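Colleague: Could you walk me through this model? I'd like to start with the strands.

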Amino acid sequence: MIVVSGASGQLGRLIVEHLLQRVDAARVVALSRTPDAVADLGVAARYADFDDPASLSDAFEGAERLLMISMGSLSGAPRGHVNAIEAAAKAGVGHMIYTSFARAGEPGQPQALIQNHKETERLLAESELTFTALRFNQWPEMWNLVGVPALAVATGVLPSNSGDGRVGHITRDDSAAVAAAVLAQGGCEGQLLEVTGPEAVTDTDVADALAQVTGRPVRCEQVSDTALAATLSERGLPDVYVQGWTGLGTYKRAGWFDVTTHTVERLTGRTPTSIADYFAANPEALHLR
C-alpha cells in the first residue's frame, strides 16, 4: 500500500494524480484531516492529523511506502513530524519519503524556516525507518504569492536584492512527479536528494524570461534590502511577505539555492520546467489576459 499524507493540499493532490499514472488506484491511500475533500481522487481515503497521534496508527496501517509532506515551523521539527515518525516506526512502514528543502542539513544553514527540515531529517536518520528526503529547491509559485512578476511586467523593472545569487527553481508539478516516482518505484533509500529545475538562474535571468514571455521590456534592478522592502510595502504587500521576500533575497545572494541536479530526469524521465516555460504556462501570475 502507498500512503500519501496531506492529500487535500496542492502538493498532495498533485502527487496522488501523478501516482495514479504509475500504479493502480487500489494500491493508493490518501490521508487528510478532511477525507471528504479527497473523495474525487478515486482512491481510498483515511483521516489523519499529525497533531493527533491517536489517528496515525490506523492511518499508516499496511503502508509499504508513506509520503510525509512537511509542516511549517520556526522552531525545529514540529511535534506533528515527531508524531508521524514515531507512529510510522510502530506501524512498520517500509519506506518513508519526506518533502524537505534545498540544502536543509548543511552546516551554517541560516534560514529559520529550514531548521525544521534539518531537524526532521536528523530524526528520520536516528529512527528505525528507511527514508528518503526530497530536498526541493524554491518553487516559482513563490513568485506569484508575493506578486513580484506582475509588478515587474507592469513597471518594466524587477527589483532584486539577490545580487548574482542563483536559484534552481523547480515547479510544484515537477516536485510532485518526483515524489510519485519514488513512491511508485521505491529506491533512493537513505538518500538526501536535491531536486531542482534544469538550471540555476539569477533574478536577471528571471527578468529576461518575463520579457521573453510577455514581449514587454523588463529589466532587473539591484537594490538594497531596505529599498526592496520599501518598494514592496509601497505596493501594498503585507509586512510578513515583505520581510519574507526580502530575507529570501539575502539567502539567494549568499548562494543557498545555487544547486542544479538531474534528479527530475533520472527519476521521472521528463525534462524539468524552466522558469520561462513556467511563466508562459501561467500568464495569470503576470496579470496577462
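Modeller: Happily! This is a predicted model, where local features need pLDDT of at least 70, side-chain atom pairs count only at pLDDT 80 or more, and totals for chains, interfaces and linings use all residues. Residues are numbered from 1 along each chain as its sequence is written, and side-chain values use heavy atoms, leaving out hydrogens and water.

Colleague: How many bridges join strand β2 to β3?

Modeller: Strands (E, at least two residues) and helices (H or I, at least four) are DSSP runs numbered from the N terminus, and two strands pair if DSSP finds at least two bridges between them. β2 covers residues 28–32 and runs parallel to β3. Within this pair, L31 stands opposite R46 in β3. The number of bridges joining β2 to β3 is four.

Colleague: Lovely. Which are the edge strands?

Modeller: The open sheet has seven strands, paired in parallel, in the order β3-β2-β1-β4-β5-β6-β8. An edge strand here pairs on one side only, and that describes β3 (44–47) and β8 (192–195).

Colleague: And S162, is it buried or exposed?

Modeller: S162 lies in the loop between β7 (157–160) and α7 (172–185). Leaving aside neighbours within four places in sequence, S162 is in contact (heavy atoms within 4.5 Å) with D203, Q222, G249, K252 and R253. Buried means under 20% relative accessible area, exposed over 50% and partly exposed in between, using a 1.4 Å probe and protein chains only. S162 has 0% relative accessibility, so it counts as buried.
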